[in-house]
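Me: I want to go through the charged pairs, a pocket and a surface patch. Please keep the answers short.

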Amino acid sequence: MDKIAVVILNWNGVKLLEQFLPSVIQFSAEATIYVADNASTDDSVNFVKENFPTIKIVENSGNHGFAKGYNDALQHIDAEIYALVNSDIEVTENWLQPIIETFALENQTAIIQPKILDFKNKEYFEYAGAAGGFIDKYGYPYCRGRIFETIEKDNGQYDDHCELSWASGACFFIRKQVYHELGGFDETFFAHQEEIDLCWRALNEGYIIKYNSQSTVYHVGGATLQHGNPKKTYLNFRNSLLMLVKNLPKKRMFFVIFTRMILDGIAAMRFVTQGKFRHTFAILKAHFSFYCISLKYIRKRKDFQIQQYYTVKSIVYLYYIKKLTVFKEIFNRIQNIKN
């Protein structure tokens with residue numbers, strides 16, 4: 001068994017592979033590198049075989065998205081640690097060693113995220129993950145270094161190690177044993193928020209999720225599905241509701257989901273005022289899909305859910321009403337309330 005396998009999921013991303021595989025090869029001597037191909041119709045597979053013969057290829061039977069794509073590929077990869085890396089990630093020197101050391105020293109740590117900076121503006125954090133993720137009471141995700149559309153400059157303010165609520169799927173380290181114990185990603189999600197759901201399930205089982213700033217990567221972001229794409233809106237809103245049904249403590253479930261659906265309605269109306277009608281329709285479609293499969297998801301609930309799954313009650317309130325736009329302001333507010 002390999003100590004660590006770097007697994008890059010690809011679909012029609014030959015240009016990204018050409019651009020970013022060299023850094024992965026250069027700085028990943030400790031790992032076996034795989035490209036898991038989701039039945040690409042471009043020349044991705046032949047390109048890797050001809051230009052990077054040391055990389056192993058796993059060919060999936062179809063384009064099953066992020067969730068099933070990884071689930072299928074990882075059945076064929078044997079390693080103690082999986083490093084799931086987007087094809088638009090540039091890695092840096094010594095990015096693996098701090099992660100390997102943390103896993104070796106901390107048996108209950110099951111998932112780790114590195115510092116994720118913006119490839120296009122390397123002084124700033126990147127939207128998808130930044131310095132580690134949290135959720136509020138209603139399931140809205142936010143990060144140290146990124147709250148909604150506000151992205152912070154990296155001034156060393158998160159050069160630390162801390163526990164998280166979730167780690168970004170853009171560069172996601174997980175123990176093989178834990179991944180399979182949890183059943184991998186939820187394949188119904190297809191893409192978006194499946195890593196948050198997996199992390200929440202890990203927390204419910206007593207595992208720890210960590211951020212390690214000694215490992216740094218740069219992420220392009222939106223290379224597969226652009227931020228303004230209505231399909232992304234649909235997946236995010238639907239998957240968030242499904243995640244809540246699966247993972248919320250039983251006594252909170254009805255109230256939180258009901259409140260969240262009202263907030264989703266407000267978001268839909270906001271899109272109307274902005275003239276983004278396709279995004280409004282995407283939210284309506286997401287709710288209809290949720291109604292159709294919610295009973296199935298109630299059956300997926302486990303016997304135990306952690307009670308204190310959130311750090312703040314409403315990140316929407318703090319950001320849009322109280323105008324607290326960076327994580328430090330949120331953190332200081334939490335500490336003042338505690339004191």
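What follows is a set of questions with brief replies.

This is a predicted model, where local features need pLDDT of at least 70, side-chain atom pairs count only at pLDDT 80 or more, and totals for chains, interfaces and linings use all residues. Residues are numbered from 1 along each chain as its sequence is written, and side-chain values use heavy atoms, with hydrogens and water left out.

Me: How many salt bridges does the structure hold?

Reply: Side chains of opposite charge can pair when their charged atoms come close. Here a salt bridge is a side-chain nitrogen of Lys or Arg within 4 Å of a carboxyl oxygen of Asp or Glu. The structure's count is 16.

Me: Which residue forms a salt bridge with Asp72?

Reply: Asp72 is buried, at 15% relative accessible area (buried is under 20%, exposed over 50%, partly exposed in between; 1.4 Å probe, protein chains only). Its partner sits four residues away in helix 3 (residues 65-74), about one helical turn. Helices (H or I, at least four residues) and strands (E, at least two) are DSSP runs, numbered from the N terminus. The closest N and O atoms are 3.2 Å apart, and the partner is Lys68.

Me: How many residues apart in sequence are the parts that Glu90 and Lys122 tie together?

Reply: The two side chains meet in a salt bridge at 2.8 Å, N to O. Glu90 lies in strand 5 (residues 89-91) and Lys122 in strand 7 (residues 121-125), so the pair ties together parts whose separation in sequence is 32 residues.

Me: Is Lys115 buried or exposed?

Reply: Lys115 meets Asp154 in a salt bridge (3.1 Å, N to O). Lys115 is in strand 6 (residues 109-118), while Asp154 is in the loop between strand 11 (150-151) and strand 12 (161-163). With a relative accessible area of 5%, Lys115 is buried.

Me: How many charged residues are in the lining of the second largest pocket?

Reply: A pocket is an open set of points on a 1 Å grid over the protein atoms alone, where a 1.4 Å probe fits, with protein on both sides within 12 Å along at least five of seven lines; lining residues have an atom within 4 Å of a point. This one is lined by 18 residues, with Leu182, Arg201, Lys246, Lys300 and Lys302 nearest its centre. Arg201, Lys246 and Lys300 also belong to a salt-bridge network with Asp186 and Asp197. The lining has three nonpolar residues, six polar, and charged ones numbering nine.

Note on methods
Ala, Val, Leu, Ile, Met, Phe, Trp, Tyr, Cys and Pro count as nonpolar, Asp, Glu, Lys and Arg as charged, and the others, Gly among them, as polar.
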